[in-house]
Structure formats: C-alpha cells, structure tokens
Amino acid sequence: MIRSIPDIQTFKQKALQWASAFDAVCYLGSNGFKDVYSKFDTLISVGAKNELTTCAGNAFDQLEVFRKQNPDWITGFFGYDLKNEVENLSSSNPDHLHFPDLFFFVPQYLIIINGDQVEITTDDAEVVFDQIQHQELHQQAQITGVKLQSRFSKTEYLNAAEKIRAHITQGDIYVTNFCQEFFADGVSIDPVSVFLQLGQISPNPFASFFKWKDNYILCASPERFLAKRGVKLISQPIKGTAKRGNTQTEDVAIKQELRNHTKELQENVMIVDLVRNDLTRSARQGSVKTEELFSIHSFSQVHQMISTVVCELQDDISTIQAIKNTFPMGSMTGAPKISSMQLMEQYERSRRGVYSGAIGYFSPDNDFDFNVVIRSLLYNATEKYLSFHVGSAITYHADPSKEYEECLLKAKAIMEVLGQTSLNDEKPKKRPSDIIKGMLSEKEADEYHKYLKKARSEWDRDIGRD
C-alpha cells in the first residue's frame, strides 16, 4: 500500500509512537540528509516474525544462516564486543545495560518513507495505516532529576590519556579511540520523547530508534559504517571534530582550521588507511580506492571530517562476511586495530556494548547499510539505567585537555535533552555489581546478578500481595 501524506513529519512521529508499543522496533531516519547512496528517507521495521538473538562466539555464522532463511528485509544491530569473535580478544569491564551482542529480526510491518510517499508492507496495511493516522501524539516530556556521572573524573581522564600517549611514543599503537561512559541510575524516561527531542537538537543522517524488549538505543549518528550497493562496498569513517561557530564568519574560520589541523588530518588519514586495509579482505583486486578525503561536513552541533573509501565486492564473499571483515569499524578502534582494542579494554572502565557497534538493514536485493552507533543514549528501562559513551582519538600530537573538551562537545546534545548543563566531576562510587565483578569471575558475577534480580522481583511481588 502506498499513500501520499501532506504532513509527513507528523506521520513519522505518529508511526514511531505506534511502533514503540512492540518489543522489536528499528526506526532509521536520515533527517533530510541525502547522498548518492541513500535509498530512502525513513525506514520503520516493527514487530518480529522471526528473530536472532546471540552473543559473541559464532554470531556471524548464525547470522549467515538466519539471512539465508530470511532473504527479505531484516533489521538489527551488531554490538562492539563481537570483536571477541573476529579477533582473539576478550571483554571484562562491567556491563550495566545487558544488550546481546547481535540482534536481528524479520519485521511483521515495514514502513518506507520517501518524500511525502509512505509505503506499508504487510497483510493488513490499511489497518496499520488507520491505526497510525488515529494516534494522538503525546506531549514531549521535559526530563528532570537526572544526575549524570562519568566513570572518569576529569583528572583521571587526563592521566589515562597521557598514559595512552606514552604507548604511542613507545610504538605500541599509532592512534586509538579512547572512550568514557556517562551514566545515571534510577532514571525513568519516555524513550520516544527523548529520541524526538534529540533529533530536533542534533539532526543527523544516520539516526536510529531501536527497541529490544525493554532496552532502547536512541541514536543521532552522523557516521556510516558500511553499505553495499550492487557490488560496491562503501565506508565513510569520521575522524576530526570541531565545534560550530557563533557567527557565519567564525564558522567558516573554524571549518578552515579543521581542514588544515595537523592532528585531525593525521588521525583521519590513519583511519582511512586502516579502512582500506580492512576492505582489501573483501575486495576484488585493485578495486579499493578513496573517493573522498578530508571532506568537511557540517551538522547542527559540530563540523566533522569525513572520508569515503570504496571497493568492489569479490564474488565469493557474502554480505555477512564483508561486514565481519571490517568489524569493528576503524574509526572506533585505532591502528593497529588489535593492539588498540586490547589497550582500550585496559584503560576504559565499562563495556561499550552496542556503542561503537552498528545499526541497519539488509534489503531483498542483498544490499545493506549500517551506521556507527555514536552520539547515542542507551537505556535499560527495567534497571532504570541510562548511559552514553563518547570518545576521542588519541594520537602523538593529542592534547589530553582538548580531547576531554571534545568528548564534552560530542555529549552536548544528549546532555541538553537530559536537562544537564554540567557533569558531576567527582569519582563515581562503585555499584555493588562492579565490586562483585572484581571478586568473582565474569560468569559467576553474571549468575549472581541474575540471582539478585530474581530475588528482588520475588520480593516486590510478595510485598505487593501484602
């Protein structure tokens, strides 16, 4: 069923509100940004006819089978810790969100929007259209009472960044993406409202609202990880960030400074080389090339330096294998890739989870498109735990204090949505689960966490009966 909708923005909001009642939702929105590789303005995948939920081990193999069994549209995400399957790596930092490493589903309802044209694919498309049209939009709620903390105080971050620079001086790595988590406990939010507000403050071309049961990813990403169009693979790594100016003259000057900044150019070209190397594992010989280098793209909050690397896919390489061959994306790891990931596991204080992963789709023509999960708020509604990571590239020329400020710049839109103007710079107290994980093995601690959760649920139930 195809309909022309005069007020398409209102329809998108109603469709998202309608979709959010389901356990599986993937909303992909471009916010009006287009490039030569765009296929649609918005895709909304709702309800799971079939699904795959798994963790690192043989997740890519399982997805290969799942994809062959479901060759139509499927949507889902790859978590960063699939790195442990791709390479001989491990993750032992605390995880407070509890997403799987991989989740994909075959949608019960599929909505694709281009311009003012809405296409709904399902057996009862007319019914779905009427249900969406009759939605009464909820008023967007202002968030109060959120007290954000960081896993690092500013001093601790600066000290860690200096230690990482020492590794670069020693030749252990050339560049890495050092990430820190900001979090809040005991928080209740309306995920749809927060996502819409984030989109208003920071509209970006690879935005996504993803729901997996009671877990949410509210993503305002500007970055494409990897796409396939026919036999062509496209990767568009971002490395290089600058704030927006207060005036047009200042803005132009900041863009020019970014374009000529030694450190920003250095980190971008190193990641471009890494991406080129990753793509050679899937490419026809001699087909890897850089279509665009050091291009400056402007968004509402920041200017970004983006490069575009492409290749032609070998005939004997599947789409899943092509993704595995480049995962995790170089812009979120560093170079050399394995050494950088090992070091960040040592210096970071919480598991990245879905952050630094990718959200996207596979289409019936065997194309795909996945973003990089950055500028994203993750929320576990059951645990009432809210979290977002931000990272910055550490190179030999990096100034740790400026890298810290860049992290805050990248966090600005999310903090604004959460009603935050500053952060608690005190060292956060350890949660009991963090202490437990330091005493027990990871498996034992996870089992103990499940036991406590079950006991608490039974206690709440019993109290309710009284």
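In the predicted model, Ile 74 of strand β4 stands opposite Phe 362 in strand β17. Strand β4 covers residues 74-78, and β17 covers residues 358-362. The two strands pair in the antiparallel sense, over five bridges. Strand β4 is also joined to strand β5 (residues 102-114), by four bridges, and this pair too runs antiparallel. Gly 76 of β4 stands opposite Phe 104 in β5, while the bridge partner of Phe 78 in β5 is Leu 102.

Five of the five residues of β4 are buried, so this strand is largely enclosed by the rest of the structure. The side to which the residues point alternates along β4: Ile 74, Gly 76 and Phe 78 point one way, and Thr 75 and Phe 77 point the other way. Residues pointing either way are buried.

Strand β5 is mostly covered, with 11 of its 13 residues buried. Besides its bridges to β4, β5 is joined to strand β3 (residues 42-54) by 11 bridges, and the two run antiparallel. Within this pairing, Leu 52 stands opposite Phe 104 in β5. Phe 104 is also the residue of β5 that stands opposite Gly 76. A further antiparallel pairing, of five bridges, joins β5 to strand β6 (residues 117-121). Here the bridge partner of Asn 114 is Gln 117 in β6. Strands β5 and β6 form a hairpin with two residues between the strands, in which Gly 115 takes a positive phi near 60 degrees.

Helix α6 (residues 191-201) has eight buried residues out of 11, so this helix is largely enclosed by the rest of the structure. The buried residues of α6 are Pro 191, Val 192, Ser 193, Val 194, Phe 195, Leu 196, Gln 197 and Leu 198. The elements that cover them include helices α1 (8-19) and α11. Strands are also part of the cover, among them β2 (24-29), β9 (206-212), β10 (215-221) and β19 (376-380).

Helix α11 (residues 400-417) also packs with helix α5 (residues 154-170). Two packed helices are described by the angle between their axes and the distance between the axes. The axes of α5 and α11 come within 9 Å and cross at roughly 120 degrees. The two helices are therefore oblique to each other, and their crossing is right-handed. On the α5 side, the contact is made by Lys 154, Tyr 157, Leu 158, Ala 161, Glu 162 and Arg 165. These meet Pro 400, Ser 401, Glu 403, Tyr 404, Glu 405 and Cys 407 in α11. By class, the contact of α5 with α11 has six nonpolar, one polar and five charged residues.

A second helix pair is formed by α2 (residues 59-69) and α9 (residues 319-326), whose axes lie 9 Å apart at an angle of about 155 degrees. Angles over 145 degrees count as roughly antiparallel, and α2 and α9 are therefore roughly antiparallel to each other. The crossing of α2 with α9 is right-handed. Phe 60, Leu 63, Glu 64 and Arg 67 of α2 meet Ile 320, Gln 321, Ile 323 and Lys 324 of α9. The residues of this contact divide into four nonpolar, one polar and three charged.

How values were computed. Residues are numbered from 1 along each chain as its sequence is written. This is a predicted model: local features need pLDDT of at least 70, side-chain atom pairs count only at pLDDT 80 or more; totals for chains, interfaces and linings use all residues. Side-chain values use heavy atoms; hydrogens and water are left out. Axes are lines fitted to C-alpha atoms, for helices over the stretch in contact, and angles run from 0 to 180 degrees between N-to-C directions. Angles under 35 degrees count as roughly parallel, over 145 as roughly antiparallel, 65 to 115 as roughly perpendicular and the rest as oblique. A crossing is left-handed if the near helix is turned anticlockwise from the far one by less than a right angle, and right-handed if clockwise. Contact means heavy atoms within 4.5 Å. Ala, Val, Leu, Ile, Met, Phe, Trp, Tyr, Cys and Pro count as nonpolar, Asp, Glu, Lys and Arg as charged, and the others, Gly among them, as polar. Buried means under 20% relative accessible area, exposed over 50%, partly exposed in between (1.4 Å probe, protein chains only). Two strands pair if DSSP finds at least two bridges between them.
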